[in-house]
Amino acid sequence: IIVVDNASGDDSARIAETMRARVLRLGENLGFGTACNRGAAVASHDGILFLNPDARLRPDTLDLPERAMGAASEAGAFVPRLIHPDGWEHFQGRNPFVDRRAWVHEAPQSDCDVPMGIGAALLVRRDVFERLGGFDESIFLFFEDVDLSARIINAGYTIRYVHDAAVDHMIGA
């Protein structure tokens with residue numbers, strides 16, 4: 001586990017260290033994408049899971065996308081269901097930077113390809129992430145996941161929605 005501390009003012013970096021996470025402390029807030037790129041640069045797995053601090057993995061959530069990585073070789077990224085505190089499932093079925101024919105108009109009830117991986121919880125194949133140059137560091141916050149998703153798809157990969165993998169997203173907590 002790698003925690004990138006984007007110059008936070010709280011005690012979260014120290015807490016993460018006591019839990020044996022590797023902590024990268026940035027001297028200033030460089031933005032979401034840049035922080036993710038810094039963490040990815042020192043990661044060693046074939047898949048890199050980007051997880052916001054306001055997201056919590058449900059049991060078995062890590063096992064399902066990892067299995068999907070083995071089964072869906074054409075996929076460059078994998079996205080779980082994101083569930084908000086009120087039970088609403090956040091699903092983004094449109095991406096303005098990919099062909100509209102790839103858009104999904106309703107939240108899927110099973111695994112399928114989607115046009116968008118939401119940055120709150122996104123598993124990306126390391127080789128794809130590196131080949132595409134990671135997140136665009138000129139995007140400080142918001143829409144960096146839209147850009148990366150479009151680049152993944154436009155490079156010929158898919159983004160696989162893994163329905164049974166669920167993440168609780170507290171939105172800004």
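**A walk from arginine to leucine**

Start by selecting Arg-126, which is buried, with a relative accessible area of 14% (buried is under 20%, exposed over 50% and partly exposed in between, using a 1.4 Å probe and protein chains only). You are looking at a predicted model, in which local features need pLDDT of at least 70 and side-chain atom pairs count only at pLDDT 80 or more, while totals for chains, interfaces and linings use all residues. Residues are numbered from 1 along each chain as its sequence is written, and side-chain values use heavy atoms, leaving out hydrogens and water.

Now add Glu-130: its side chain joins that of Arg-126 in a salt bridge, at 3.0 Å from N to O (a side-chain nitrogen of Lys or Arg within 4 Å of a carboxyl oxygen of Asp or Glu). Both sit in helix H4 (residues 126-131), four residues apart, so about one helical turn separates them. Helices (H or I, at least four residues) and strands (E, at least two) are DSSP runs, numbered from the N terminus.

Step back to Arg-125, in strand E8 (residues 121-125). What is the nearest side chain of opposite charge to Arg-125? It is Asp-127, 5.5 Å away, and Arg-125 is buried yet has no salt bridge. (Lys and Arg count as positive, Asp and Glu as negative; His and chain ends are not counted.) Show the backbone too: the Arg-125 side chain reaches the backbone oxygen of Ala-75 at 2.5 Å and that of Ala-72 at 2.8 Å. Beyond its neighbours within four places in sequence, Arg-125 is in contact with residues including Asp-46, Met-69 and Phe-78 (heavy atoms within 4.5 Å).

Next, pick Arg-160 and Asp-113, a salt bridge whose closest N and O atoms are 3.1 Å apart. Arg-160 lies in strand E9 (residues 158-169) and Asp-113 in strand E7 (residues 112-114), so this pair ties together parts that are 47 residues apart in sequence. Arg-160 is partly exposed at 22%, and Asp-113 is partly exposed at 34%.

Then try Arg-101 with Asp-99, a salt bridge with its closest N and O atoms 2.4 Å apart. Arg-101 is exposed, at 74% relative accessible area, and Asp-99 is partly exposed, at 40%. The salt bridge count comes to ten.

Finish with Leu-49, Leu-51, Leu-57 and Leu-62, which form a nonpolar patch on the surface, with about 300 Å² of accessible area together. Accessible areas come from the Shrake-Rupley method with a 1.4 Å probe; for residues, only the protein chains shown count as cover. Patches are made of residues with over 30% relative accessible area and no salt bridge: like charges are joined within 9 Å, nonpolar side chains (Val, Leu, Ile, Met, Phe, Trp, Tyr) within 5 Å. Your last stop, Leu-62, is in the loop between strand E4 (55-57) and helix H3 (63-71).

Conventions. Polar contact = N/O pair within 3.5 Å; in protein donor to acceptor, adjacent residues only side chain to side chain.
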